[in-house]
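Please look over the structure below before reading on. The briefing that follows goes through it topic by topic.

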There are 2 protein chains.
Amino acid sequence: MSTRSQKWVLAKTMKGSATLTHFRLEEEDLSTDLQDGEVLCEAIYISVDPYMRPYAERSLTVGSMMMAEQIARVLQSKNPRFPVDSLVLANVGWRTLTRVSDMKSLRQLPIMGDVPVSNALGMLGLTGLTAYYGMTHICKPRAGDVVVVTSAGGAVGSVAAQIAKATGCKVIGICGSDEKCHWITHDLGLDAAINYKTDDVTAKLQETAPNGVNCFFDNVGGDSAGAVICHMAVGGRAALCGAISLYSDDIHRPSQGLSIYRAIVAKQLTVQGFNVLNWFSSWHEAYRALYDLVLEGKLRGKELIYEGFDKVPEAFLKLFQGGNLGKIIVKIRD
Amino acid sequence: MSTRSQKWVLAKTMKGSATLTHFRLEEEDLSTDLQDGEVLCEAIYISVDPYMRPYAERSLTVGSMMMAEQIARVLQSKNPRFPVDSLVLANVGWRTLTRVSDMKSLRQLPIMGDVPVSNALGMLGLTGLTAYYGMTHICKPRAGDVVVVTSAGGAVGSVAAQIAKATGCKVIGICGSDEKCHWITHDLGLDAAINYKTDDVTAKLQETAPNGVNCFFDNVGGDSAGAVICHMAVGGRAALCGAISLYSDDIHRPSQGLSIYRAIVAKQLTVQGFNVLNWFSSWHEAYRALYDLVLEGKLRGKELIYEGFDKVPEAFLKLFQGGNLGKIIVKIRD
């Protein structure tokens, strides 16, 4: 027996800005004669995330499938851990149907309670975990610290900012529209917002954080990030989660000018890039902490949901155009 | 009773490159009627160090005395911890005679054995401690790691490089002359040397560290530092001890281009500025470790000794002109 699966593959080398022409839809036959231990699953929701852009450049050849985590439903199973009709987290890429042989690609869904299941890709998924580890393990905020978060209206940034807020910090969010600035201050309760497109970031930091910034959670890189690092207090900690503004740079060549370098030296800063996978063994504790924050009303998210497998590339590109609040997800089917 | 002391003060605001015109010699009368607990001491050796340049810019007003650590002899004492004729480490600045009231400025000399006493300002002094903490607490090298040190022929860099070598690492030194390259490979036993003035640093790193750099100890900043950071391996650690090439930059403004930023994110690097004062409470252990390395023949240093108090500014400026091997010290008297 076999069935047809659809998948999105890289149509040409990823360089510079990602466009629709970088992706091609393909179909393939999938044998449904499962071996012991295998599972056949069907995508319900697919997550799109900024990391896919540099990953595609560094690690994918043309014709390879794009990577992603899905929430999927088990259609057939020869694995008692994943029974038919159960929902799973499947790290299987931009595809509709998947025959999973390598069980490292599947995880059970965390406890969701009344929270909509799609959040297992967002604030209660890798997105939330990324914010959690960067904030708690690298930024290490203490009550009273001044914390700055870039992309504060985005999926990861909004969670990071709320974790800092729950810790008792003064939290300043940087984002790219007045709508986002309004959301993070009025709905999420941040103390101040900076619109990097219309405000002088350095001047606003001097005004809102006159004694400097203790913790910095960054997703963006570029001028805003540089301004924050140069305005940090002695001993400050910066967690670099992404550099969405720099993904068209050549990673192997430094460009001119390293003034943030001098700030790191002079103010004894710790600046650390990180990957949530490094903390895999303790994810369950982090899930629990995030879920508790949700129950306490201290962690809220927004989702922008595209509908249909054909919309995956479009949803992905939206990440780099700005304008979205919270997490972007593609719903494939009910 | 009183005596005359000489001191060097800042003659004009420190900006841009330091020059002789930044310093002015002054004399002052010093009462020698000591209070209980006080000490009168006389400089034997004065240390000059790169940190004095940014410190003078940030913290000194015109007319203030330049800061420095000395090895001094106690001439008069009303403090039983520091008897007459004993040698002390005195953090009292660029001056000949000092009446010390604040005992936080005085420390006992560490055990020197057969090692010349001037080394208490060099490899067995703050210079060595700086190298020790940056290397062992931030770079955290493991046997087999690839370690790069800039200013590897300089006072701090040469100690940092030898500590890494004693840990069983492959150590690559970057410096600015063939003489230094020869010294660090032939006399100190480093595995490779890069002359940043004549070599293509990135090409040389690709050749000598094909799998990337695990640990980076930097004193310099600028293009060489950028090249190393962009060539680091995943999970690498960089200790930023100084940024001698950047001391004329404006600390509060980032300049364009932050490609090292993307490297930090993509390779999950930890980049940390530090100050040896943060580890004050454990200095005695670090001294002991360094002294043991000296006894085992694994730590060697060179000194460039200027003679006479009038030579202090000249010795200080030499730090920024390159060309010196090891530590620069001014001998004031026998």
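**Strand register and the shared sheet**

A:V213 stands opposite A:M232, a residue of β12(A). The model is predicted. It scores ipTM 0.84 and pTM 0.88. The points below start from the strands, then turn to helices, domains and confidence.

**Sheet**

- The pair just named sits where β11 (residues 213–218) and β12 (residues 232–240) of chain A come together. These two strands pair in the parallel sense, over five bridges.
- Both strands belong to an open sheet of twelve strands with mixed pairing. Its order is β10(A)-β9(A)-β8(A)-β11(A)-β12(A)-β13(A)-β13(B)-β12(B)-β11(B)-β8(B)-β9(B)-β10(B).
- Which strands form the edges? They are β10 (192–195) of chain A and β10 (192–195) of chain B, and each pairs on one side only.
- On average, neighbouring strands of this sheet are turned by 15° against each other, direction ignored.

**Where the chains join in the sheet**

- Strand β13 (residues 270–273) of chain A runs antiparallel to strand β13 (residues 270–273) of chain B. Three bridges join them.
- In this pairing, A:T270 stands opposite B:Q272 of β13(B).
- On the chain B side, β12(B) and β13(B) pair in the parallel sense. Four bridges link β12(B) to β13(B).
- B:L240 has B:G273 of β13(B) as its bridge partner.

**Helices on the sheet in chain B**

- Helix α4 (residues 178–187) of chain B packs on the sheet. Helix α4 touches β9 (170–175) and β10 of chain B. Its direction makes about 170° with that of β10(B).
- Helix α6 (residues 222–230) of chain B lies across four strands of chain B: β8 (146–150), β9, β11 (213–218) and β12 (232–240). Helix α6 runs at about 160° to β11(B).

**A helix pair in chain A**

- Helix α2 (residues 126–139) and helix α8 (residues 283–295) of chain A pack with their axes 10 Å apart. The angle is about 95°, so α2(A) is roughly perpendicular to α8(A).
- Which residues of α2(A) meet α8(A)? They are A:G128, A:L129, A:Y132 and A:Y133. Across from them in α8(A) are A:W283, A:A286, A:A289 and A:L290.
- The residues of this contact divide into seven nonpolar, one polar and no charged.

**Domains of chain A**

- Chain A is divided into two domains. Domain 1 covers 2–123 + 302–331, and domain 2 covers 126–274.
- The C-alpha centres of domain 1 and domain 2 of chain A lie 29 Å apart.
- Their contact takes 16 residues from domain 1 of chain A and 15 residues from domain 2 of chain A.
- On the domain 1 side, the touching residues divide into seven nonpolar, six polar and three charged.

**Confidence**

- The pLDDT of chain A averages 93. In this chain, 96% of the residues score at least 70.
- Where does chain A fall below 50 in pLDDT? Residues 251–258 do. Beyond near neighbours in sequence, this stretch has 27 contacts in the model.
- Predicted coordinates should not be read in detail where pLDDT is low.

Conventions:
Residues are numbered from 1 along each chain as its sequence is written. Chains are lettered from A and ligands numbered from 1 in the order in which they are written. This is a predicted model: local features need pLDDT of at least 70, side-chain atom pairs count only at pLDDT 80 or more; totals for chains, interfaces and linings use all residues. Domain bounds come from an automatic or database domain assignment. Two residues are in contact if their C-beta atoms, placed from the backbone, lie within 7 Å. Ala, Val, Leu, Ile, Met, Phe, Trp, Tyr, Cys and Pro count as nonpolar, Asp, Glu, Lys and Arg as charged, and the others, Gly among them, as polar. Two strands pair if DSSP finds at least two bridges between them. Axes are lines fitted to C-alpha atoms, for helices over the stretch in contact, and angles run from 0 to 180 degrees between N-to-C directions. Angles under 35 degrees count as roughly parallel, over 145 as roughly antiparallel, 65 to 115 as roughly perpendicular and the rest as oblique. pLDDT is the predictor's confidence in each residue, from 0 to 100.
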